[in-house]
Amino acid sequence: TAAPKADVKKILSKMAKSFGVTEDQIYAKLADSVNSNPNLRVIRANNSLFIYFNKGNGNVEIVLETIDTPRDLIDSLGQFIKSMAKIGFKTGEFLVSNPQIIKDLKIAGGNVEVKSKNTLMPDGKTPAMVGIVRFV
């Protein structure tokens with residue numbers, strides 16, 4: 001069984017730290033962004049938040065914030081893939097900050113590929129990799 005549901009702000013704590021703001025501030029900013037931008041949405045599965053931006057033509061850009069255990073994360077990824085397919089999206093693109101996510105997506109039933117991007121990760125050294133998951 002999945003871990004108990006954590007507070008959304010707890011899930012956002014890593015993102016808040018990376019932006020140098022509090023959990024309350026990042027939560028308020030995300031809520032405001034979702035309320036003011038119809039293309040920005042959030043899906044929760046277990047203790048994972050999938051923040052996605054609708055780029056049109058069935059494509060979304062995804063940011064994942066999670067405090068799930070590895071086992072729960074695979075379940076969360078599977079739920080997200082099914083939800084996105086049900087909504088009618090075709091593909092999702094995301095920056096690969098941890099290569100394990102590619103393996104986890106495949107275990108969760110995702111059809112995923114990785115492409116290199118002509119930019120660097122925030123560390124300024126590592127080449128950026130983009131993952132593309134197909135929902136259909």
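Which residue of β4 does E61 stand opposite? In this predicted model, the residue facing E61 is E93. The two strands concerned, β3 and β4, pair in the parallel sense, and three bridges connect them. Between these strands the chain passes through α4, and the resulting β-α-β crossover is right-handed.

On β4 a further pairing can be followed. This strand is joined to β6 by five bridges, and β4 and β6 run antiparallel. Within this pairing, F94 stands opposite G131 of β6. Strand β4 thus pairs with β3 in the parallel sense and with β6 in the antiparallel sense.

The strands and the crossover helix also appear in the description of the largest pocket. Rolling a probe the size of a water molecule over the atoms reveals where empty space remains. The largest pocket holds about 1,200 Å³ of space. Its lining consists of 38 residues, and those closest to the pocket centre are I62, V63, L64, E65 and S97. Two or more lining residues are given by each of the helices α2 (13–19), α3 (23–36), α4 (70–87) and α5 (100–107). The strands β2 (48–56), β3 (59–66), β4 (91–95) and β6 (127–134) likewise each give two or more. The largest share, six residues, belongs to β3.

The chemical character of this lining may be considered last. Sorted by class, the lining of the largest pocket comprises 25 nonpolar residues, six polar residues and seven charged residues. Strand β3 therefore enters the picture twice, as the parallel partner of β4 and as the source of the largest share of the pocket lining, by the assignment of strands as DSSP runs.

Conventions
Residues are numbered from 1 along each chain as its sequence is written. This is a predicted model: local features need pLDDT of at least 70, side-chain atom pairs count only at pLDDT 80 or more; totals for chains, interfaces and linings use all residues. Side-chain values use heavy atoms; hydrogens and water are left out. On a 1 Å grid over the protein atoms alone, a cavity is a set of points where a 1.4 Å probe fits but cannot get out, and a pocket is an open set with protein on both sides within 12 Å along at least five of seven lines; lining residues have an atom within 4 Å of a point. Grid points are joined across faces, edges and corners, and a volume is the space filled by probe spheres set on the points. Helices (H or I, at least four residues) and strands (E, at least two) are DSSP runs, numbered from the N terminus. Ala, Val, Leu, Ile, Met, Phe, Trp, Tyr, Cys and Pro count as nonpolar, Asp, Glu, Lys and Arg as charged, and the others, Gly among them, as polar. Two strands pair if DSSP finds at least two bridges between them. A crossover is right-handed if, with the strands pointing away from the viewer, the path from the first strand over the helix to the second runs clockwise.
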